[in-house]
Amino acid sequence: MSGVKRKQNVVNVKQKLEILQKLDNGESASTVAEDVLNEGNTISHSAALQSVESLLDYMGQRGFDYGDISVVRKICVHIRQEMNKQQKQRCIKDFLKQ
């Protein structure tokens, strides 16, 4: 699969503002995340992690409920686990190619 490029759509600035407004209006982080995923956007793990960490900063500044912040932290952990899993898979594939 090397050489195959996948199309990546990232959340643009307008979409980010809409997400922050929804959160400001009291919508839960999980509901907002579902909405974004249902729009069909594909995003890299590192970009997702960066966005979620920015969301955590925002939530901390705005005094969001600890439960919502915990959910977003769990999302960060999940993204890191997926990144590590893919990295291990790449290492194994590279080893087997030799």
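Author: Accessible areas here come from the Shrake-Rupley method with a 1.4 Å probe, and for residues only the protein chains shown count as cover. This is a predicted model: local features need pLDDT of at least 70, side-chain atom pairs count only at pLDDT 80 or more, and totals for chains, interfaces and linings use all residues. Residues are numbered from 1 along each chain as its sequence is written, and side-chain values use heavy atoms, with hydrogens and water left out.

Reader: How much area does the chain expose, and what share do carbon and sulfur atoms supply?

Author: The exposed area is about 7,700 Å². Carbon and sulfur atoms supply 52% of that area.

Reader: Which pattern does the chain follow along the sequence?

Author: Start with the rule. Helices (H or I, at least four residues) and strands (E, at least two) are DSSP runs, numbered from the N terminus. The pattern here is α-α-α-α. That gives 4 helices and 0 strands.

Reader: What percentage of the 98 residues in the chain is buried?

Author: Cut-offs come first. Buried means under 20% relative accessible area, exposed means over 50%, and partly exposed lies in between (1.4 Å probe, protein chains only). Buried residues make up 23% of the 98.

Reader: Which residues of H3 are buried?

Author: A general point helps. An α-helix has 3.6 residues a turn, so residues three or four places apart point the same way. In H3 the buried residues are Ala47, Ala48, Leu49, Val52, Leu55, Leu56, Tyr58 and Met59. Their cover includes helix H1 (13-24) and H4. H4 has its own buried set: Ile69, Ser70, Val72, Cys76 and Ile79.

Reader: What span should the 18 residues of H3 have?

Author: The expected span of a helix is 1.5 Å times one less than its number of residues. H3 covers residues 45-62, so its 18 residues should span 26 Å. Its end C-alpha atoms are 25 Å apart, which agrees. H4 can be checked likewise. Its 32 residues should span 46 Å, and the end C-alpha atoms lie 47 Å apart, which agrees.

Reader: What happens just after H3, and what at the start of H4?

Author: Just after H3, glycine 63 takes a positive phi of about 70°. At the start of H4, a side-chain oxygen of aspartate 65 comes to within 3.0 Å of the backbone nitrogen of glycine 67. Polar contacts have a rule: a pair of N or O atoms within 3.5 Å; within protein, one must be able to donate a hydrogen and the other to accept it, and residues adjacent in sequence count only if both atoms are side-chain atoms.

Reader: How many salt bridges are there?

Author: Side chains of opposite charge can pair when their charged atoms come close. A salt bridge is a side-chain nitrogen of Lys or Arg within 4 Å of a carboxyl oxygen of Asp or Glu. The count is 2. One joins aspartate 24 and arginine 62 (3.7 Å, N to O). Aspartate 24 lies in helix H1 and arginine 62 in helix H3, so the pair ties together parts that are 38 residues apart in sequence. Another joins arginine 80 and glutamate 53 (2.6 Å, N to O). This pair links distant parts of the chain, with arginine 80 in helix H4 and glutamate 53 in helix H3, 27 residues apart.

Reader: Is arginine 80 buried or partly exposed?

Author: Arginine 80 is partly exposed, at 37% relative accessible area. Glutamate 53 is partly exposed too, at 31%. Aspartate 24 also counts as partly exposed, at 43% relative accessibility.

Reader: What share of the contacts comes from residues 24 or more positions apart?

Author: Contact means heavy atoms within 4.5 Å. Among contacts with a separation of 6 or more, residues 24 or more positions apart account for 60%. C-alpha distances add examples. Serine 28, in the loop between H1 and helix H2 (29-38), has its C-alpha 7.0 Å from that of aspartate 68, 40 residues apart along the chain. Glutamine 86 lies in helix H4. Glutamine 86 and histidine 45 are 41 residues apart in sequence and 9.9 Å apart in space, C-alpha to C-alpha.

Reader: Which residues make the nonpolar surface patch?

Author: Patches are made of residues with over 30% relative accessible area and no salt bridge: like charges are joined within 9 Å, nonpolar side chains (Val, Leu, Ile, Met, Phe, Trp, Tyr) within 5 Å. Ile92, Phe95 and Leu96 make this one, about 370 Å². Leucine 96 lies in helix H4 (residues 66-97). Leucine 96 is exposed, with a relative accessible area of 62%.
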